[in-house]
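User: Please take a close look at one polar side chain in the interior of this model. I should like its surroundings described first, followed by the other local features that deserve attention.

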Amino acid sequence: MGDAVSRDSYTPKQRTRYRQLLLDDLESFDRHLQEAEFVDHGTIGLELELNLVGDDMAPAGCNEAVLGELSDEYQTEVGRYNVELNHPPLALAGDGLRQLHEGLDVRLAAVNKAAQKAGAHVAMIGTLPTVTTDYLQSDEWMTPENRYAALSNMVLEARGELVHIDVSRQERYRATFDDIATESTCTSMQLHLQVAPDRFRDAWNASQAIAGVQVALGANSPLFMGHRTWHESRIPVFKQSIDTRTAVLVNQGVRPRVWFGERWITSVFDLFEENVRYFSPLIPESRTAAGKPIMDGNSPALHYLNLHNGTVWRWNRPIYDPSLELSHIRVENRLLPAGPTTADIIADAAFYYGLVKFLGEQTRPVWSRLTFEDARSNFYEGARDGIGATMVWPTLGRIDVSNLVLNHLLDQAHEGLKMLKVDEDLNEKYLSIIEGRAWNRQNGATWQLDVLDKLGNGTKPDTPERQEALAKMLAVYLENQKSGSPVHTWSTDVQ
């Protein structure tokens, strides 16, 4: 869904034609995988979604003005109060983590400068806690582009009913929307890992196996619409926001478009084949209307397959990227929230890349000993309970996630980064942040909840008192964010 589209609705004839061309693309992809040479340099990349807020800490719908000051490395998102930052790919070996950190800081500084010019501030957080139901039920929230209107229209058309959001933990939030407005609250960071096709299976399976640990450690979205909900509320909210299923279809076992998956894979082709088999085209935009070529150099562009893949939101998504020279395949790890700081983001990246490398090289891999159902349960438990979650892990049984990280996975991530030839000082620097987070049991989610308890003790959701406490909490969060200090060092002693 990163490309512009020509319209915001489609006919049955267009859908029928698109389905046939999608099947043709799948066959072309199969041949290309078997016959072609692919890039295998193992580069990394990153995308980061950001929120814009005013002095009152409420969402500021000024992304057009902000992007007018920036290069094409920055893009719109579905919400007018969101922008996306894209860091170009680079090699991980040597000082790649330092380059990624410095590059991210430079690009964030550019966004901050542009936001200030537009009278706004940048909030790097999983879910902006000051967003309200009234704002998302107004006409102000959506970026006015066809691709977003089309996505919203097609989700509602496929669903045939309004979007119902229901998420609870300490407090329960329920509301109904006539579009996909709540999707805009889910701001994430996405880690890219380019691999050779014959290594994709190992990278994707390893990514799925550690998804629960990642989301538990990195949780930073505990306040959805100002309600204390899941520690990483993006997970259920995103799934519900663009769910094309009614309750009846859920009961029938129809798969959701925001999907963890249901099995370990043997090839990247498995995932694209599942996409075509299980999911109807949502945005049946023709290749000619999109202005896309048949070939990109020597590689098939596969417009239909790639566009369809962009409307199946796997938490670890396969990406096929054609180019003028050689195509490449990558894993897009989509489950982590934005923030809290760039140091935390690079630490999460180091932990992910190191652990995927280590687990992918084992002769008896973790996915041969962990059931897929346990991996999925770990993921949702990590999202719900955050750094206090317990997980099932081979040979260890059920274990507290902090203990799992401190006593087992950190050493494995360290070895993986060594195998990737990452400079030892960077290995130590960033994994020590993960160690501190697990040891102190403080991530973005726990910090937000602790500070809200102090600033808004006794307040109830949807009251002026709660909104005032949320705004104060977010203002302190932004000050800490500017310091660059990782979140496990942040004080919860606030006035």
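Analyst: A polar contact is a pair of N or O atoms within 3.5 Å; within protein, one atom must be able to donate a hydrogen and the other to accept it, and residues adjacent in sequence count only if both atoms are side-chain atoms. This is a predicted model, in which local features need pLDDT of at least 70 and side-chain atom pairs count only at pLDDT 80 or more, while totals for chains, interfaces and linings use all residues. Residues are numbered from 1 along each chain as its sequence is written, and side-chain values use heavy atoms, with hydrogens and water left out.

The side chain chosen is that of R330, in strand β15; strands (E, at least two residues) and helices (H or I, at least four) are DSSP runs numbered from the N terminus. R330 is buried because its relative accessible area is 14%, where buried means under 20%, exposed over 50% and partly exposed in between (1.4 Å probe, protein chains only). Its side chain forms a polar contact of 3.0 Å with the side chain of H192, and another, of 2.9 Å, with that of H328. Beyond four places in sequence, R330 is in contact (heavy atoms within 4.5 Å) with H192, L193, Q194, V195, F200, R317, P318, I319 and D321.

Strand β15 (328–337) also receives helix α1, whose buried residues pack against α6 (197–209), α10 (268–278), β12 (299–300), α12 (303–309) and β14 (316–321) as well. Those buried residues are Y18, L21, L22, D25, L26, F29, H32 and L33. In an α-helix there are 3.6 residues a turn, so residues three or four places apart point the same way. The 24 residues of α1 (12–35) should span 34 Å at 1.5 Å a residue, and the end C-alpha atoms are 35 Å apart, which agrees; the expected span is 1.5 Å times one less than the number of residues.

After β15, the loop leading to α13 (342–360) holds P340, which is joined to G339 by a cis peptide bond with omega of about -5°.

A buried acidic residue offers a further case: E84, in strand β3 (82–90). E84 has no salt bridge, and the nearest side chain of opposite charge, that of R147, is 7.3 Å away. A salt bridge here is a side-chain nitrogen of Lys or Arg within 4 Å of a carboxyl oxygen of Asp or Glu; Lys and Arg count as positive, Asp and Glu as negative, and His and the chain ends are not counted. The side chain of E84 does make a polar contact of 3.3 Å with that of N86. Leaving out residues up to four places away in sequence, E84 touches E47, L48, E49, E73, Y74, Q75 and E77.

Two non-glycine residues have positive phi. M225, with phi of about 55°, sits in the loop between β8 (223–224) and β9 (227–228) and is buried at 3% relative accessible area. T395, with phi near 70°, occupies the loop between β16 (390–393) and β17 (397–400) and is exposed at 76%.

Finally, the whole structure contains zero disulfides, a disulfide being a pair of cysteine sulfur atoms within 2.5 Å. The sulfur of C62 lies 20 Å from the closest cysteine sulfur, in C186, and is therefore too far away for a bond. C62 is buried at 16% relative accessibility, and C186 is buried at 8%.
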